[in-house]
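Visitor: Could you take me closely through a single part of this structure, beginning with one side chain and its helix, and then show how that part is joined to the rest? I would like the surroundings described with as much care as the part itself.

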Amino acid sequence: MELKRHSNLTKVKELLHFKESGILLALIIMSALLSITTPNFLNQYNLGIVVRQASFVALVALGQTLVLITGGIDLSVGSIAGLSSILGAILMTSTPLNPYLCTLLAVLCGMFFGIINGVFIAKIGLNPFIVTLATGEAFAGLILVITKGYPVLGIPTSFKYLGQGMIGPVPVPVVILLIISLILIYILKNTPFGRYIYSIGGNESASKLVGIKVDKIKISVYAIAGALAALAGIIFVSRANAGQATIGASWLMPSVTAAIIGGTSLSGGEGTILGTLIGAILMGVLSNGIVLLNVSSYLERVIIGLVVLVAVIIDLVRKRNRS
């Protein structure tokens, strides 16, 4: 009996020392408060909306996490999602190509845009903030040049499954998110490429000295971030049944926030995919709670801005504690 009690205490201690336990506890508390204050929060329909909506930001945030771990940042992910998805939607509606081949081409477009960012940052040595801010503006401008602000309509009905389908009780976008998350968790934990990402973020100069091809890793990370942003964008096209110029416009801040509150450091070298996933769900629950509580949509941006501020302060405190 005593042995069993000791074993249970050990399990509780392990749970409390779980790296993502803080953000998980915050998610549980927020969910509990919303379930008390809003009767519609815990029903299956609403939870389905929360996870489906969170999956788009989470996909973008996974790529953002890799970039942040290397010590960079990608401010162009929202524009890459928008531009890639518009190009994919135009291919679907203007050519006889299979919609899923168009999806692949859209993802490759996103990867190409990410490579452009990576080359400017790794090869030319420009600041990631400036580069991705500039390319983000350029990509956003291209969206308007191409669409003139009008939606791309006529998406094939066979393409709806990607954004609207279900596998059992789970929405397809969530299944895609989970598969990609597991792949990235494996890569970060078990491959040299994953270890190099942490190494570059921890000490780029030392990484170069030990022979790590820093430029190649950085370009690859921005390419992955671009591809994941594009994937999120094209899935949203399937969800909305239209290519819209505004796709991705509001994904930048939540993607950075999800990564930071999930434990990823703004100064690099630290972060986990699981933490980002929980952070993205937390952001989704927050947005859903704002709607259910009938809080003004104007205040939503204020609240998310405050969450970002808190996340940055938490990151600063973590950094000082490590020092």
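Guide: With a relative accessibility of 59%, Leu182 counts as exposed, and this leucine has its place in helix α8. What follows describes a predicted model, and the picture can be built outward from that helix. Leu182 and Leu274 are separated by 92 residues in sequence, yet their C-alpha atoms are 9.0 Å apart in space. Helix α8 runs over residues 172–190 and is also part of what covers the buried residues of helix α9, a cover that further includes α3 (44–69), α10 (204–209) and α11 (214–240).

Helix α9 itself spans residues 192–202, and in it Gly194, Ile197, Ile200 and Gly201 are buried. These four lie on the same side of α9, because the arc they cover around the axis is only 125°. An α-helix has 3.6 residues a turn, so residues three or four places apart point the same way.

Among the elements that cover α9, helix α3 deserves a look of its own through Arg52, which is placed in it. Although arginine carries a charged side chain in the usual chemical sense, what matters here is its setting: Arg52 is buried, its relative accessible area being 8%. Apart from neighbours within four places in sequence, Arg52 is in contact with Gly163, Gln164, Gly165, Met166, Pro171, Pro173, Val174 and Arg239.

The two other covering helices, α10 and α11, bring in the salt bridges, of which a search of the whole structure finds 3. Within α10, the side chains of Lys208 and Glu204 meet in one of them, at 3.8 Å from N to O; both residues lie in that helix, 4 residues apart, which is about one turn. Glu204 is partly exposed, as its relative accessibility of 26% shows. Glu204 also forms a salt bridge with Lys218, where the closest N and O atoms are 3.0 Å apart. Since Glu204 lies in helix α10 and Lys218 in helix α11, this pair ties together parts that are 14 residues apart in sequence. Through shared partners, the salt bridges join Glu204, Lys208 and Lys218 into one network. Lys218, for its part, counts as buried at 12% relative accessibility.

Helix α11 takes part in another such link, for the side chains of Asp215 and Lys123 meet in a salt bridge of 3.9 Å, N to O. Asp215 lies in helix α11 and Lys123 in helix α5, so this pair ties together parts that are 92 residues apart in sequence. The two partners differ in their exposure class: Asp215 counts as partly exposed at 26% relative accessibility, while Lys123 counts as exposed at 56%.

This leads to helix α5, in which Val119 lies; Val119 is partly exposed, with 32% relative accessible area. Leaving aside neighbours within four places in sequence, Val119 is in contact with Ile124 and Ile219. By contrast, Val119 and Ala242 are 123 residues apart in sequence and 32 Å apart in space, C-alpha to C-alpha. Val119 is also a member of a nonpolar surface patch, formed together with Leu97, Leu101, Leu104, Leu105, Leu108, Met111 and Ile115, whose accessible area comes to about 570 Å². Met111, another member of that patch, is found in helix α5, which covers residues 99–123, and counts as partly exposed at 31% relative accessibility.

Beyond α11, the loop that leads to α12 (252–261) holds Asn241, a residue that is not a glycine and yet has a positive phi of about 60°. Asn241 is partly exposed, with a relative accessible area of 28%. Lys148, in the loop between α6 (128–147) and α7 (160–164), likewise has a positive phi of about 60° without being a glycine, and at 61% relative accessibility Lys148 counts as exposed. Most residues other than glycine have a negative phi.

Finally, the setting of this part is a protein of 14 helices and 2 strands. Its radius of gyration is 20 Å, close to the 20 Å that the globule rule gives for 323 residues, so the protein is as compact as a globular protein of that length. Of those 323 residues, 46% count as buried, and of the contacts between residues at least 6 apart in sequence, 77% join residues at least 24 apart.

Notes. Residues are numbered from 1 along each chain as its sequence is written. This is a predicted model: local features need pLDDT of at least 70, side-chain atom pairs count only at pLDDT 80 or more; totals for chains, interfaces and linings use all residues. Side-chain values use heavy atoms; hydrogens and water are left out. Buried means under 20% relative accessible area, exposed over 50%, partly exposed in between (1.4 Å probe, protein chains only). The arc is that of the directions from the helix axis to the C-beta atoms. Contact means heavy atoms within 4.5 Å. Patches are made of residues with over 30% relative accessible area and no salt bridge: like charges are joined within 9 Å, nonpolar side chains (Val, Leu, Ile, Met, Phe, Trp, Tyr) within 5 Å. Accessible areas come from the Shrake-Rupley method with a 1.4 Å probe; for residues, only the protein chains shown count as cover. A salt bridge is a side-chain nitrogen of Lys or Arg within 4 Å of a carboxyl oxygen of Asp or Glu. The radius of gyration is taken over C-alpha atoms; the globule rule is 2.2 Å times the number of residues to the power 0.38.
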